[in-house]
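Please open the model in your viewer and keep the sequence panel beside it, since this tour moves from one selection to the next.

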Amino acid sequence: MNTDITHKTYKKLVVQVSLSGLSFAVFDTIVKKTTQLTAIPFESVMNHESIEKLFEQVFLDNVSLQNKYDECLVLHSNSLSTFVPQAL
């Protein structure tokens, strides 16, 4: 996290990745509003090498993903993860 006030952008990037696509949002932390929300769906992916190339291409094609941010949060979702309830 960028804490040096002389280099702050006052922007936060949140990226969610999954096998079905990638979405990201840019937040302005001063006015507390979303300034950009983008979703990029993928066709069915057969192996991890092709998904890595798709992710790389998304980052190359979207200037917003190349900017500097004070904070970046990456969320990953897949069909193998689940919430586990707390024991009673």
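Begin by selecting Asp-70, which you will find in the loop between α1 and β4, the strand that covers residues 71–76. In this predicted model, is Asp-70 buried or exposed? Its relative accessible area is 8%, and because buried means under 20% relative accessible area, Asp-70 counts as buried.

With Asp-70 still shown, add Tyr-10 to the selection and look at its backbone rather than its ring. The backbone nitrogen of Tyr-10 lies 2.5 Å from a polar atom of the Asp-70 side chain, so that a residue of the loop between α1 and β4 is brought together in your view with one from the segment before β1, the strand of residues 11–18. Tyr-10 itself counts as partly exposed, at 29% relative accessibility. If your viewer reports backbone torsions, ask for phi here: the value for Tyr-10 is near 60 degrees, which is positive although the residue is not glycine. Most residues other than glycine have a negative phi.

Next, select Lys-32, where a positive phi is again found in a residue other than glycine, this one near 55 degrees. Lys-32 sits in the loop that joins β2 (21–28) and β3 (33–41), and with a relative accessibility of 73% it counts as exposed.

Now turn to helix α1, residues 48–61, and pick out Val-58 within it. This side of the tour leads back to a buried position, for Val-58 has a relative accessible area of 7%. Which residues does Val-58 contact, once its neighbours within four places in sequence are left aside? Select Leu-22, Ile-40, Phe-42 and Leu-65, and you have the set. Of these positions, Leu-22 falls in β2 (21–28) and Ile-40 in β3 (33–41). For a distance to draw on the screen, join the C-alpha atoms of Val-58 and Ser-23, which are 9.9 Å from each other while the two residues are 35 apart along the chain.

Finally, clear the selections and show the whole chain as a cartoon. One helix and four strands are present, and from the N terminus they follow the order β-β-β-α-β. Buried residues account for 24% of the 88 residues. Among contacts with a separation of 6 or more, 42% join residues 24 or more positions apart. If you switch to a surface display, the accessible surface of the protein chain comes to about 7100 Å², with 58% of it belonging to carbon and sulfur atoms.

Methods. Residues numbered from 1 in each chain as written. Predicted model: local features only at pLDDT ≥ 70, side-chain atom pairs only at ≥ 80, totals over all residues. Heavy atoms only, no water. Helix = DSSP H or I, 4+ residues; strand = E, 2+ residues; numbered from the N terminus. Buried < 20%, exposed > 50% of the residue type's maximum accessible area, 1.4 Å probe, protein only. Contact = heavy atoms within 4.5 Å. Areas by Shrake-Rupley, 256 points an atom, 1.4 Å probe, with all protein chains shown as cover. Polar contact = N/O pair within 3.5 Å; in protein donor to acceptor, adjacent residues only side chain to side chain.
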